[in-house]
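Hi,

Here is the structure I promised to pass on. Have a look at it first, then read my notes underneath.

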Amino acid sequence: MSHRSYIPGDETRLMTIQRYIAQEERMHPEATGEFSTLLRNLALAAKIVSREVRRAGLVNILGRATTTNVSGDDVKKLDVFANAMIINALESGGQLCVMASEENETVIPIPEEFPCGKYAMLFDPLDGSSNIEANVTIGTVFSIFRRVSGGCRGTDEDVVQPGIKQVAAGYIMYGSSTIMVFTTGNGVQGFTLDPTIGSFLLSHENMRIPKKGNIYSVNEGNRLFWDEGFRRYIEYLQASDSTDGRPYKSRYVGSMVADVHRTILYGGIFAYPGDRQNPQGKLRLMYEANPMAFLVEKAGGRATDGSRRILEIVPTDVHQRVPVFLGSFEDVTLAEEFIAGKH
Ligand code: P6P
C-alpha cells in the first residue's frame, strides 16, 4: 500500500497536529512518546482556551478578576481561566516534573497523586491580556526544557535554564483564527484550528522569516526614554530611501504573539527595548523572550537583547525581564549596530 503522504491543499490527506507529532516520533526511534503526549495535551488545552476566548463577550467572562499577578497587572478572568486550564490539562499526564507561569509567583509543583516526568514547562497563559476586552489578538506562549534536577519532583533549577536548553517552544494565537506555532528544534510549523472538526491542521509548513523586511514594530510611546542609538535607528527606518525599502511601515498590536507572528511571516523587526525608566524593558525572559527567540532563530532570524543572543542569557529568576530585538537577521543586526554607536 503506497504511503499516502501529506500534500498541501489535498483535502483527503490532512496533516493534523497528532499525525505530525506521531510522524516526528517515528523519525526519532529513541523518542519515548512522553514528549508527543505533552504536545497533544497542550493542543487540547489550547482548544479549550480558544473556545473561551471566542465566547468571552457572550458569557460575561470578561471583567477584572479579584487578583493581580506578580507583575502587578490586573488579572482578567480569562487569564485566570487559561492559567487553570493549562495547569489542569498538563499536571496529570506524567510528562512534567514542574511548571512555571506568569500568573504564579512561585513554581507550580506536580501534585503527589500524579506521576512526574522528565520535562519542565513555562508558559504565559494569556499574553496581551490588556487587549482582551478590545477583542484584539492575544496568545499563549510556552517553553519546554528537560529536567536537570535529580529528583522526580522538579524545582526552580528545572525552570531557570538558559534558552539554548529548550527542547520545544511555541505559541497559540487567538486571532481571526486560532493558530498553534511551535518548534522542536527541527524547523517551525504552524497549525490552524478547524473548529468544525476540532483539529489543528498543518497550515504553515517549515516557516522561514525573510532575511530583511520593511516593517518595524515597537511602542513609540516610549520614544523619549529610548537610548540614543535605538532612537536614531528608528529615525533611519523612517527616512525615505527607495533603494532599501525605506521608509519602513510601522505596525504594533501590543500583543507579543501577534507582533512576533507577523514578523516571522513578513519579516522586519519587533523590539521592546530597555529604557531609562525600565533598563531591562518589559518582556519576560523565560516565558516570552526565550520561546520567541527559539522560534525566530529556527525560522532563520535573529533575537538578542541588543547585543547578546537571548538564548545565551543565563537566567537568575523565573520572572526576570529582558530587552528584546527580534526578527529578520539583517534588520536586527543593523539595529544592534546603531545601538553600539556604529552608525
Ligand atoms: P506595551 C502584553 O501586556 C505584553 O506583555 C506583550 O504581549 C506586548 O508585546 C507588550 O506587553 C506590550 O507592552 O507597554 O507596549 O503596552
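Below are my notes on the ligand site, a few helices, some backbone details and a handful of single residues.

Before the details, some bookkeeping. This is a predicted model, so local features need pLDDT of at least 70 and side-chain atom pairs count only at pLDDT 80 or more, while totals for chains, interfaces and linings use all residues. Residues are numbered from 1 along each chain as its sequence is written, and side-chain values use heavy atoms, with hydrogens and water left out.

**The ligand site**

Which residues surround the ligand? They are Asp-127, Gly-128, Asn-219, Tyr-252, Gly-254, Ser-255, Met-256, Phe-270, Tyr-272, Lys-282, Leu-283 and Glu-288 (a residue is near a molecule if one of its heavy atoms lies within 4 Å of it). By class, that shell has five nonpolar, four polar and three charged residues. The classes work like this: Ala, Val, Leu, Ile, Met, Phe, Trp, Tyr, Cys and Pro are nonpolar, Asp, Glu, Lys and Arg are charged, and the others, Gly among them, are polar.

Three side chains make polar contacts with ligand oxygens. (A polar contact is a pair of N or O atoms within 3.5 Å; within protein, one must be able to donate a hydrogen and the other to accept it, and residues adjacent in sequence count only if both atoms are side-chain atoms.) An N or O atom in the side chain of Asp-127 is 2.5 Å from an oxygen atom of the ligand. For Tyr-272, a polar side-chain atom is 2.6 Å from a ligand oxygen, and for Asn-219 the distance is 2.9 Å. On its own the ligand has 400 Å² of accessible area, and the protein covers 82% of that (Shrake-Rupley method, 1.4 Å probe; for residues, only the protein chains shown count as cover).

**Three helices**

Helices here are DSSP runs (H or I, at least four residues), strands likewise (E, at least two), both numbered from the N terminus. Buried means under 20% relative accessible area, exposed over 50%, and partly exposed in between, with a 1.4 Å probe and protein chains only.

In helix α5 (residues 228-238), the buried residues are Gly-229, Phe-230, Tyr-233, Ile-234 and Leu-237. Why do they line one face of the helix? Seen down the axis of α5, they fall within an arc of 140°, so they share a face (the arc is that of the directions from the helix axis to the C-beta atoms). These buried residues pack against β11 (215-217), β13 (269-272), β15 (324-327) and α8 (329-339), where contact means heavy atoms within 4.5 Å.

Helix α6 (residues 256-266) is mostly covered, with nine of its 11 residues buried. Among them are Met-256, which also belongs to the ligand shell, as well as Asp-259, His-261 and Arg-262. Following α6 comes Gly-267, with a positive phi near 90°.

Helix α7 (residues 285-298) has 12 of its 14 residues buried, so it is largely enclosed by the rest of the structure. Its buried residues include Glu-288, another member of the ligand shell, and Asn-290, Pro-291 and Phe-294. Just after α7, Gly-300 has a positive phi of about 95°.

**Backbone details**

You may want to look at the peptide bond between Arg-246 and Pro-247: it is cis, with omega about 5°. Pro-247 sits in the loop between α5 and β12 (249-250).

Two asparagines have positive phi. Asn-135 has phi near 60° and sits in the loop between β5 (119-127) and β6 (138-146); it is exposed, at 71% relative accessible area. Asn-206 has phi of about 50°, lies in the loop between β10 (199-204) and β11, and is partly exposed at 42%.

**Single residues**

Asn-83, in helix α3 (residues 77-91), is buried at 9% relative accessibility. Its side chain joins that of Asn-104 in a polar contact of 2.8 Å. Leaving out residues up to four places away in sequence, Asn-83 also touches Ser-101, Glu-103, Phe-123 and Pro-125. Asn-88 is in α3 too, but partly exposed at 47%.

Gly-190 lies in strand β9 (residues 188-194). Is Gly-190 buried or exposed? Buried, with a relative accessible area of 0%. Beyond four places in sequence, its contacts include Met-180, Leu-201, His-204 and Met-207.

Cheers
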